[in-house]
Amino acid sequence: MAWSTRELAELAGTTLRAVRHYHQVGLLAEPERRSNGYKQYGVAHLVRLLRIKRLAELGFTLPQIADLGDADRHPRDALHGLD
């Protein structure tokens, strides 16, 4: 699967501005570009974006989300700390 920035934002239920901001602050890796220069997002980008969005909804700040990294583990300790 390959999606544009707009398609990725729509799939995740967020905005283009949010996706671009996550790139700027280093939370979301820049994807490869197609020959026409357009970004080409994959499933891993969507999963990461959904994780960022959910953690933010739970009350984590962007620096806290960055500290958690993109590991596939459950952020149990961080959730207990937030609680």
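A polar contact here is a pair of N or O atoms within 3.5 Å, and within protein one must be able to donate a hydrogen and the other to accept it. Keep that in mind for a stop later on. One thing before you start clicking: this is a predicted model.

**The whole chain**

Start with everything shown as a cartoon. You should find 5 helices and 2 strands in the protein chain. Follow the sequence from its start and the pattern reads α-α-β-β-α-α-α. Now switch on the surface: its accessible area comes to about 5700 Å², and 49% of that belongs to carbon and sulfur atoms. Of the 83 residues in the chain, 33% are buried. As for contacts between residues at least 6 apart in sequence, 43% of them join residues at least 24 apart.

**Helix α3**

Next, select residues 43-58, which is α3. How far apart are its end C-alpha atoms? They are 23 Å apart, and because 16 residues at 1.5 Å a residue should span 22 Å, the two values agree. Show the side chains of His45, Leu46, Arg48, Leu49, Arg51, Ile52 and Leu55, which are buried in this helix. Their cover includes α1, α2 and α4. Then step just past the end of α3 to glycine 59, where phi is positive, at about 115°.

**The nonpolar core**

Time to look inside. The largest nonpolar core has 17 residues, and Leu8, Val19, Tyr22, Leu49 and Ile65 are the ones that touch the most other members. To see where the core comes from, color α1 (5-12), α2 (16-24), α3 (43-58) and α4 (62-68), each of which supplies at least two of its residues. Which helix gives the most? That is α3, with 4 residues.

Zoom in on isoleucine 65. Setting aside neighbours within four places in sequence, isoleucine 65 is in contact with Leu27, Arg48, Ile52, Leu55, Ala56 and Phe60.

**Lysine 39**

For the last stop, select strand β2, residues 39-40, and pick out lysine 39. Is lysine 39 buried or exposed? Its relative accessible area is 16%, so lysine 39 counts as buried, the cut-off being under 20%.

Here the polar contact comes in: the side chain of lysine 39 makes one with the side chain of glutamate 30, at 3.3 Å. Beyond the neighbours within four places in sequence, show what else surrounds lysine 39: its contacts include Trp3, Ser4, Thr5 and His23, along with Pro31, Glu32, Arg33 and Arg34.

Technical notes: Residues are numbered from 1 along each chain as its sequence is written. This is a predicted model: local features need pLDDT of at least 70, side-chain atom pairs count only at pLDDT 80 or more; totals for chains, interfaces and linings use all residues. Side-chain values use heavy atoms; hydrogens and water are left out. A nonpolar core is a set of buried Ala, Val, Leu, Ile, Met, Phe, Trp, Tyr and Cys residues joined through side-chain atoms within 4.5 Å. Buried means under 20% relative accessible area, exposed over 50%, partly exposed in between (1.4 Å probe, protein chains only). Contact means heavy atoms within 4.5 Å. Accessible areas come from the Shrake-Rupley method with a 1.4 Å probe; for residues, only the protein chains shown count as cover. The expected span of a helix is 1.5 Å times one less than its number of residues.
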